[in-house]
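Open the model in a viewer and keep the sequence panel visible. This tour gives one selection at a time and says what is found there.

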Amino acid sequence: MNNDDDLIKSIYLFIKEFANPQLNDDCIIFAKQNNISLPNSDYCIFDIVDLIQHGKPVELYDGYSETVTIKDRSELNVKIDFYSSLRAGGAGMSAFTRAVNINLVSRSYLACKFLEPFGLSLIGSTSPVDTTIVRENNYLSRYSLTVSLLTTREFTVNFEFFDKVQKVIKNVDVLKELF
């Protein structure tokens, strides 16, 4: 996965598909968006919280095109917060239900097949945690979990190669007499 927009879109579509009861399109929000109003209904905010590199990168040299491609496998941890309010008179449990459903599907073959076209694999997720927000006159139910994805990052740069080497050998192990 080399495109940030594709990564955000794939996470958005994953949440849209598997967070049931289903959320409206404008209620699934990427956390890095600035100056947006939060919906009055249930909503979800997701963010990429860290990247963990696994192993060493692989470098592929192409002498014909004079490029170097560097690839590595990285784990992306995506924090997903589901919010539901008691304002509508309900129990406020839809945040819990969505988080549990994402957790369940994150441990299944179905999620792996869904993310495969985006170049992502699924490692799993944490258990949902109640992170409810209590304000002066408002109780906002929030359940949070972290989904771990595996991706291959790739970066290609131009790099001039050489095809001839001149060898000069010096014997540095010989002691010279000082007298």
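Start by selecting Phe46, which is buried in this predicted model. Its relative accessible area is 1%, and a residue counts as buried when that value is under 20%.

Next, add Phe30 to the selection. Phe30 and Phe46 form an aromatic pair. Their ring centres are 5.4 Å apart, and the planes meet at 45 degrees, so the pair is classed as tilted, the class for angles that are neither under 30 degrees nor over 60. Is Phe30 buried or exposed? At 15% relative accessibility, Phe30 counts as buried, because the limit is 20%.

Now colour the two strands that carry these rings. Phe30 belongs to strand E1, residues 28–30, and Phe46 to strand E2, residues 43–62. The pair therefore ties together parts that are 16 residues apart in sequence.

How many aromatic pairs does the structure hold? There are seven. For another group of rings, select Phe14, Phe18, Phe114 and Phe118, which form one aromatic cluster.

Two names from that cluster, Phe14 and Phe18, also appear among the buried residues of helix H1. Select H1, residues 4–18. The helix has 15 residues, and the distance from its first C-alpha to its last is 21 Å, close to the 21 Å expected at 1.5 Å a residue. Which residues of H1 are buried? They are Leu7, Ser10, Ile11, Tyr12, Phe14, Ile15 and Phe18.

Move on to the surface and select Met93, Phe96 and Val100. Together they make a nonpolar surface patch of about 220 Å². Where is Met93 found? Met93 sits in the loop between strand E3 (67–85) and helix H2 (94–105). Met93 has a relative accessible area of 40% and is partly exposed; this value qualifies it for a patch on accessibility, because patch residues need over 30%.

Finally, clear the selection and show the whole protein. The secondary structure comes to three helices and seven strands. Read from the N terminus, the elements follow the order α-β-β-β-α-α-β-β-β-β. The protein has 179 residues, of which 33% count as buried.

Turn on contacts as a last step. Among contacts with a separation of 6 or more, 64% are between residues 24 or more positions apart. With the surface displayed, the protein exposes about 12200 Å², and carbon and sulfur atoms supply 53% of that area.

Conventions: Residues numbered from 1 in each chain as written. Predicted model: local features only at pLDDT ≥ 70, side-chain atom pairs only at ≥ 80, totals over all residues. Heavy atoms only, no water. Patch = residues over 30% accessible without salt bridge, like charges linked within 9 Å, V, L, I, M, F, W, Y side chains within 5 Å. Areas by Shrake-Rupley, 256 points an atom, 1.4 Å probe, with all protein chains shown as cover. Salt bridge = Lys/Arg side-chain N within 4 Å of Asp/Glu carboxyl O. Helix = DSSP H or I, 4+ residues; strand = E, 2+ residues; numbered from the N terminus. Buried < 20%, exposed > 50% of the residue type's maximum accessible area, 1.4 Å probe, protein only. Phe/Tyr/Trp six-rings, centres within 6.5 Å; stacked < 30°, edge-to-face > 60°. Expected span 1.5 Å × (residues − 1). Contact = heavy atoms within 4.5 Å.
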